[in-house]
Amino acid sequence: MTLESTGAYHPLNGREALCHWLGHIKLSRIIVLVFMILIIVPLITHYFLSKVESSVPNGDIHRTRSKLEAFEDFSTLRASDLKLRIEEMLRIKGSVSAELRDLEAKRQRLQIEVVGFSQKIDDLKTEVIHQQTELERLKISVEQAQVSQREALQRNTPDLALPRKLLPTAVPGLYPPPETRQSSACRMYNCFDHSRCSLTSGFPVYLYDPDRYPVITLGWEVEGFVKTTLKQTLGYNPHFTTDPFSACIYLVLVGESLATMGPNLRNFTDSTLQEKLLHDLPYWGGDGRNHVLLNFARSGSVRGTQELSTGGRDIFHKVNTGRAMFIQSTFSRSNFRPGFDVVSPPILGPPGGDTWQDSPMMLPARRKYLLSFQGEFHQSANLVTAYTKNLGEATDNFDDSEDDFVNNDARFTRQNIESFIVEHLQGLEFGSTSDQFLFHFDCSLPMGTTSVGLDRRAGGVKVVAGSWGDWVLCGTESSRGSVLRDSTFALVIASPNTSFLTTTVLQTRVYEALKAGAIPVLLGGDQLELPYSEVVDWNRVVLFLPKARITELHFFLRAVPDSDLLVLRRQGRQVWERYCSSVQSTVDTIVALLRHRLGIPPLPVLEEPSPSVFNATFSPLKTEAIVPEAEPEESLGPIEPPYPSPKFKRNYTFFLTQGHEVWNDWGDPFKLYPQLPFDTILPSDAKFIGSGVGFRPIGRGAGGAGKEFCESLGGNSPREQFTIVMLTYEREQVLINSLSRLYGLPYLNKVIVVWNSPRPPLEDLRWPEIGVPVHVIKASRNSLNNRFLPYDAIETEAILSVDDDAHLRHDEIMFGFRVWREQRDRVVGFPGRFHAWDLNHQGWLYNSNYSCELSMVLTGAAFIHKYYTYLYSYWLPQAVRDKVDEYMNCEDIAMNFLVSHITRKPPVKVTSRWTFRCPGCPVSLSEDDTHFQERHKCINFFTQVFGYTPLLNTQFRADSILFKTRIPHDKQKCFKFI
């Protein structure tokens with residue numbers, strides 16, 4: 001306010017007052033005031049920013065920056081102040097950056113949690129689907145169990161257990177000896193005591209010790225080789241018994257006997273058997289029932305020794321043998337009783353063992369000579385007359401027309417026939433045909449010399465004193481064998497003396513021809529009886545031709561194609577190897593034939609024991625199965641408890657329905673197998689009409705697609721399971737992983753792990769629980785042959801042989817199992833291979849390249865029938881298994897050879913899988929550089945053992961029926977991925 005001149009007081013306005021105050025203020029006060037502002041303002045600004053930063057951590061950084069810019073103007077600051085401000089701003093920037101990083105970390109954690117929760121949701125969904133699938137499988141399993149229960153309740157014929165053996169407890173009683181006419185009329189129904197041979201007896205066979213119970217006359221002695229080898233080989237036969245009280249039959253060795261006092265032609269026709277010694281045998285029983293007299297031929301088959309041995313003669317003529325059977329190589333027609341006596345081949349081979357080395361290769365089909373013959377006809381008028389005179393009383397049993405064959409005129413006619421045969425054959429040999437023949441009719445001439453020295457006064461046939469009326473052998477066994485190895489066919493001429501049904505010389509010719517791979521042509525075969533003819537189909541081995549067709553012989557032989565040549569040659573080699581090649585095979589065949597005749601099954605085949613790798617006091621650690629890779633969610637079949645395949649169901653009917661195949665195709669009538677891949681199957685309607693026990697038809701017979709398909713096995717065979725056999729060697733983790741992948745596999749009975757390592761498993765090794773038993777077998781030695789041993793722990797027909805590093809999905813395994821059920825006699829598996837011809841070295845090569853043709857399926861992942869494990873271990877030549885051990889390789893090739901040889905069929909490959917090794921597994925034997933070289937050698941060596949290459953090519957593989965087929969959306973395929 002102000003005072004005016006009038007003395008009145010007037011107030012001042014605000015601006016005027018401020019100006020008045022500034023005008024009167026002192027300079028010092030102004031300086032102090034400015035200084036205080038410069039100090040206080042930054043402090044207040046800093047304080048304000050700190051409060052804002054602490055109270056608003058999540059504020060907008062751009063808003064904060066704008067406030068800072070509003071508070072001060074950096075252009076008015078000094079350099080030192082600006083530096084402080086910059087540092088302050090950098091600090092603020094770092095703080096903001098840290099804040100941003102924290103925010104980003106929180107965002108990432110939230111994202112991870114979201115992903116985790118999403119994964120849990122997906123896992124729960126998958127688990128729901130899995131549990132639904134598992135529930136469906138359990139429902140199917142319950143339904144299958146209910147069906148099995150109903151079958152068990154409705155079955156009115158329970159399974160029969162093998163009864164106890166019914167064996168006699170006493171030796172045969174005393175019976176009056178039969179008359180001679182009764183003996184000549186002996187058959188099984190009137191001369192054999194069946195009460196000593198019950199169906200469950202096992203057919204015990206007793207042998208009289210030839211040293212303790214000799215039955216031949218003084219001056220004769222049983223040949224040492226025959227006596228020794230018979231006792232030795234019969235001792236190996238499972239039917240042999242030393243208990244005469246329980247025996248079914250009694251064997252008496254009477255020959256081959258050799259003369260010890262030199263030949264005596266005047267007494268040549270006298271019997272070498274001493275009736276009194278024969279009748280005094282302790283178990284003869286008065287009439288010799290159930291006794292078998294063995295007169296083997298060995299040296300008696302050699303030219304010029306018949307006078308000194310019994311092997312080449314019918315020694316039972318004019319001897320009261322009661323009701324005993326005869327087994328020998330030479331039979332007179334009147335002395336042979338069909339269905340009672342047995343024609344046996346001469347025992348010209350070794351005591352036993354493999355004989356494949358003695359036979360040449362079967363190829364080429366056609367050899368150097370189309371036909372060959374080496375022999376000389378010998379006939380003695382006085383000998384044959386004396387012999388036929390002894391047969392005079394037997395001619396009443398023949399037609400009147402046959403009376404002419406025992407007089408001299410008939411002999412002269414037969415000599416003319418033999419001369420005509422010789423002349424015709426010589427005409428072939430020196431004719432204009434392009435075929436080569438080799439005929440040698442004079443043993444005194446060198447091989448290849450024309451036989452022009454025949455005595456025309458005797459009708460072109462030499463008359464030699466003291467020999468049999470037959471075509472005798474020329475040369476040595478070695479010289480004859482060399483000619484036969486070069487011959488496609490081998491001529492065998494029957495004796496012109498039709499009173500003989502068969503002779504040792506003729507049997508020797510057939511034996512040598514089969515051994516050399518030459519197909520025997522029996523000229524006059526319509527009058528002959530060959531060995532084991534009641535079980536062996538000789539029409540598949542030799543060519544029978546009447547002598548009247550001699551002029552058509554060449555045309556007939558040229559009409560045989562190569563395919564039939566090789567079939568005949570292969571069958572002939574099989575018959576020779578199995579039934580004639582050694583003393584062991586001959587003795588076993590005789591025993592098997594007599595047993596077969598009585599309808600008694602063989603003894604069960606022996607199985608390999610399955611010792612556990614763990615001792616009795618140790619319990620291996622268990623853990624839940626951890627499947628490395630999840631299996632596709634697909635219902636593949638019900639979960640079942642272990643169900644073994646029925647065994648020995650056809651013991652007493654098998655040989656009735658398939659006896660011909662056993663003897664002529666499969667070649668092993670000596671053992672009884674639990675099951676066979678060739679067992680007969682029922683017609684499709686039988687499973688619905690009275691014979692449906694065990695069958696699980698798809699949709700209960702109505703059929704269906706995937707849903708119904710997965711519920712039942714279907715097919716033509718009853719329900720069954722399979723066993724996995726896994727070979728391993730010191731790869732524990734690989735093994736455990738492979739076992740874990742088997743968890744939940746349908747139709748799996750058990751897993752057999754063959755522990756090939758000499759070192760036992762680690763004690764802390766945890767074995768996965770896969771829902772079925774895992775049996776770890778301790779192998780006696782490290783051998784790949786252990787893969788195919790017929791372990792008694794294997795209780796199913798189907799075996800899935802897998803390597804420990806094989807990686808197969810469940811659906812692949814199930815599809816392979818279903819295919820195998822329809823191809824039970826073949827190898828069914830995944831990795832295909834083939835054998836390729838080496839154009840440079842003319843041999844076989846093993847090839848694993850991708851190919852449109854294959855001939856092998858590796859058993860590292862393949863289904864086979866257990867029957868083949870028996871054959872591999874007991875039937876296959878030992879040389880094959882030795883080669884596998886030598887190379888530690890090729891056991892899969894050997895199994896393919898075996899199956900193709902038995903069936904004459906190629907394997908079956910399933911699915912498109914070509915390799916099956918698991919990724920990342922340790923290196924196996926197959927990765928070695930020499931692996932393929934050894935497999936080349938194996939194929940060529942096995943070809944030598946078999947005599948040919950049995951592998952057959954195939955150009956198809958098996959896939960599921962609805963594979964790549966468009967189906968309605970409401971239907972499901974059999975397999976989603978196959």
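## The nonpolar cores

Start with the inside of this predicted model. Its largest nonpolar core brings together 137 residues. Those with the most contacts inside this core are F203, I249, Y532, W538, L594 and F942. The element that gives the most to the core is helix α15, residues 583-598, which supplies eight residues.

What does F942 touch, once its neighbours within four places in sequence are left aside? The answer is V880, K883, V884, C890, I893, A894 and F897. There's also a second core, separate from the one just described, with 46 residues. I736, V802, M814 and L962 are included in it.

## A look at helix α15

Since α15 gives the most to the largest core, let's check how it is built. It has 16 residues, and at 1.5 Å a residue they should span 22 Å. The C-alpha atoms at its two ends are 23 Å apart, so the model agrees with that expectation.

Is α15 mostly covered or mostly uncovered? Mostly covered: of its 16 residues, 15 are buried. Just after the helix comes G599, and this glycine takes a positive phi of about 75°.

## The second largest pocket

Now for some empty space. A general idea helps here: rolling a probe the size of a water molecule over the atoms shows where empty space is left. In this model, the second largest pocket holds about 1100 Å³ of space. It is lined by 41 residues, and the closest to its centre are R578, D588, K671, Y874 and W875.

Which elements give two or more residues to this lining? They are α14 (562-579), α15, α20 (866-875) and α23 (931-946). Here α15 turns up again, giving the most to the lining with six residues. Sorted by class, the lining has 20 nonpolar, 11 polar and 10 charged residues.

## The whole chain

Stepping back, the protein chain has 23 helices and 30 strands. It is 978 residues long, and buried residues make up 51% of them.

How much of the contact count comes from residues that sit 24 or more positions apart? Among contacts in the chain with a separation of 6 or more, such pairs account for 81%.

## Unusual spots in the backbone

Two peptide bonds here are worth finding. The bond from G255 to E256 is cis, with omega near 20°. E256 lies in the loop between β5 (249-255) and β6 (257-259). The bond from L363 to P364 is cis as well, with omega near 5°, and P364 is found in the loop between β10 (342-343) and β11 (369-378).

Next, look at two residues other than glycine that have a positive phi. For Y532, phi is near 55°, and the residue is placed in the loop between β16 (519-523) and β17 (543-545). You met Y532 above, among the residues with the most contacts inside the largest core. Why does Y532 count as buried? Because its relative accessibility is 2%, and buried means under 20%.

For K964, phi is near 60°, and this lysine is in the segment after β30 (957-958). Is K964 buried or exposed? Its relative accessible area is 72%, so K964 is exposed; the cut-off for that label is over 50%.

Methods: Residues numbered from 1 in each chain as written. Predicted model: local features only at pLDDT ≥ 70, side-chain atom pairs only at ≥ 80, totals over all residues. Heavy atoms only, no water. Core = buried A, V, L, I, M, F, W, Y, C linked by side-chain atoms within 4.5 Å. Buried < 20%, exposed > 50% of the residue type's maximum accessible area, 1.4 Å probe, protein only. Helix = DSSP H or I, 4+ residues; strand = E, 2+ residues; numbered from the N terminus. Contact = heavy atoms within 4.5 Å. 1 Å grid on protein atoms, 1.4 Å probe; cavity = no way out; pocket = protein on both sides within 12 Å on 5 of 7 lines; lining within 4 Å. Points joined across faces, edges and corners; volume = space filled by probe spheres on them. Nonpolar A, V, L, I, M, F, W, Y, C, P; charged D, E, K, R; others polar. Expected span 1.5 Å × (residues − 1).
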